[in-house]
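Here is a friendly walk through one model, with an eye on charged pairs and strand pairing. Please keep the viewer open as you read.

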Amino acid sequence: MITIKILKTTVFMAFMTLSAIPSQGQDLLARQAPVDRKMKAVDSIVLNRLIEQEMLENPSGDLYSEWDTEATHYYGNTLPDEATIDLRGFCMPTPSRVITSNFGARWGRQHKGLDIKVYIGDTIRAAFSGKVRIVKYEPRGYGKYVVIRHYNGLETYYGHMSKQLVRENEEVKAGDPIGLGGNTGRSTGSHLHFETRLCGVALNPALMFDFRNQDVTGDFYTFRRNKYAAESAQATRLRGVSGKKKGGRFDADSDDDSELAIAAPSASFAPEVHFHKVKKGETLQSIARKCHTTVDALCKLNRIGKSIRLMPGQILKYN
């Protein structure tokens, strides 16, 4: 009899305990609700800040509405009247300091980039972090080339390479190898054709890159449509092929434009070097005469002997 009472009591207590669980759970949920609402508000603030930060760090999201891996030049969005480009976190595409051709008019047509002297097989690197948009071969133009869209809004072009080392849609970081120097496409000698474009429009790389000093021109470059032409011309005079060294600075030739003058950093480098691509049948003597130099000077500069056998396509330096 006592056993039956104890059993009934145990069953009753268990029932009461189970009945109380849902109400306790509801109390816990009720107490948690204000916390959840606060966390939701905090999450929204953090999310908005992250979105704002991403927009600041990735202007390309505002400048480009599409991702096109077919068209070499993307003209989807109108070039803004003013845009600030973040040049921090850069890497020079090549350690070469020799510019062989300026941006602008050349041979009756517009040259949309800078030509930098590199040799076949030299490593070419991404100038900024970004995503590879184009990897193609154009036999009558860029040759083997790569186009990268960067988070700072720029697109950079690397032309005439002998080999591409990246694929379309691949994420790259500044300094990653993307190709090897070459002489493919419409090219008269091994070099890197380097372009900087904003919304498909070519901007003078000399406004942002100082190849002689292996540096960018500042932490930021602000493009202003109404001042661009004058600033581009000045950048070419300071950092292009015709830039002359005077008193530790590159003189803007004889054009004194103090309002737009950009002080170039001090630099120390060898006299300007030119390059000659050996043709079939040429000798050191004939090349020396053609380049207005001497055989001894050619041999010293190229570290070769006078009895060397020249090969067609070989590149020789001369002053």
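A search of the whole structure, which is a predicted model, finds seven salt bridges. Three of them are set out here, with the N to O distance for each.

| Salt bridge | N to O distance |
|---|---|
| Glu-70 and Lys-136 | 3.9 Å |
| Arg-133 and Glu-155 | 2.8 Å |
| Lys-306 and Asp-296 | 2.7 Å |

Let us take these pairs in turn. Glu-70 and Lys-136 meet through their side chains at 3.9 Å. Glu-70 sits in the loop between α2 (60–63) and β1 (82–86), while Lys-136 belongs to strand β7 (residues 130–138), so this salt bridge ties together parts that are 66 residues apart in sequence. With a relative accessibility of 57%, Glu-70 counts as exposed, whereas Lys-136, at 25%, is partly exposed.

In the second pair, the closest N and O atoms of Arg-133 and Glu-155 are 2.8 Å apart. Arg-133 is in strand β7 and Glu-155 in strand β9, so the contact ties together parts that are 22 residues apart in sequence. Are these two partners buried or exposed? Arg-133 has 0% relative accessibility and counts as buried; Glu-155, also at 0%, is buried as well.

The third pair joins Lys-306 and Asp-296 at 2.7 Å. Lys-306 lies in the loop between α5 (295–302) and β21 (315–318) and Asp-296 in helix α5, ten residues apart. Lys-306 is exposed, with a relative accessible area of 57%, and Asp-296 is partly exposed at 48%. Salt bridges with shared partners also gather Arg-133, Arg-149 and Glu-155 into one network.

Glu-155 leads us on to strand pairing. Within strand β9 (residues 154–161), which runs antiparallel to β13 and is joined to it by six bridges, Glu-155 stands opposite Arg-197 of β13.

How many residues of strand β13 are buried? Eight of the eight, from 191 to 198, so the strand is largely enclosed by the rest of the structure. In a regular strand, side chains alternate between the two faces of the sheet. Here His-191, His-193, Glu-195 and Arg-197 point one way, and Leu-192, Phe-194, Thr-196 and Leu-198 point the other way.

β13 has further pairings. Strand β5 (residues 114–117) pairs with β13 in the antiparallel sense over four bridges, and Asp-115 stands opposite His-193. Three bridges connect β13 with strand β14 (residues 201–203), again in antiparallel fashion, and Leu-198 faces Val-201 there. β13 and β14 form a hairpin with two residues between them, and Cys-199 in the turn has a positive phi of about 55°.

Just before β9, the loop that follows β8 (143–150) holds Asn-152. Its relative accessibility is 9%, under the 20% cut-off, so Asn-152 counts as buried. What does the side chain of Asn-152 reach? The backbone oxygen of Asp-86 is the partner, at 2.9 Å. A polar atom of the Asn-152 side chain also lies 3.0 Å from the backbone nitrogen of Leu-154.

Finally, an open sheet of three strands has the order β6-β12-β10 with antiparallel pairing. Its edge strands are β6 (123–125) and β10 (163–164), each pairing on one side only. Two bridges join β10 to β12 (residues 177–180), where Gly-179 is the bridge partner of Gln-164.

Terms used: Residues numbered from 1 in each chain as written. Predicted model: local features only at pLDDT ≥ 70, side-chain atom pairs only at ≥ 80, totals over all residues. Heavy atoms only, no water. Buried < 20%, exposed > 50% of the residue type's maximum accessible area, 1.4 Å probe, protein only. Pairing = 2+ DSSP bridges. Polar contact = N/O pair within 3.5 Å; in protein donor to acceptor, adjacent residues only side chain to side chain. Salt bridge = Lys/Arg side-chain N within 4 Å of Asp/Glu carboxyl O.
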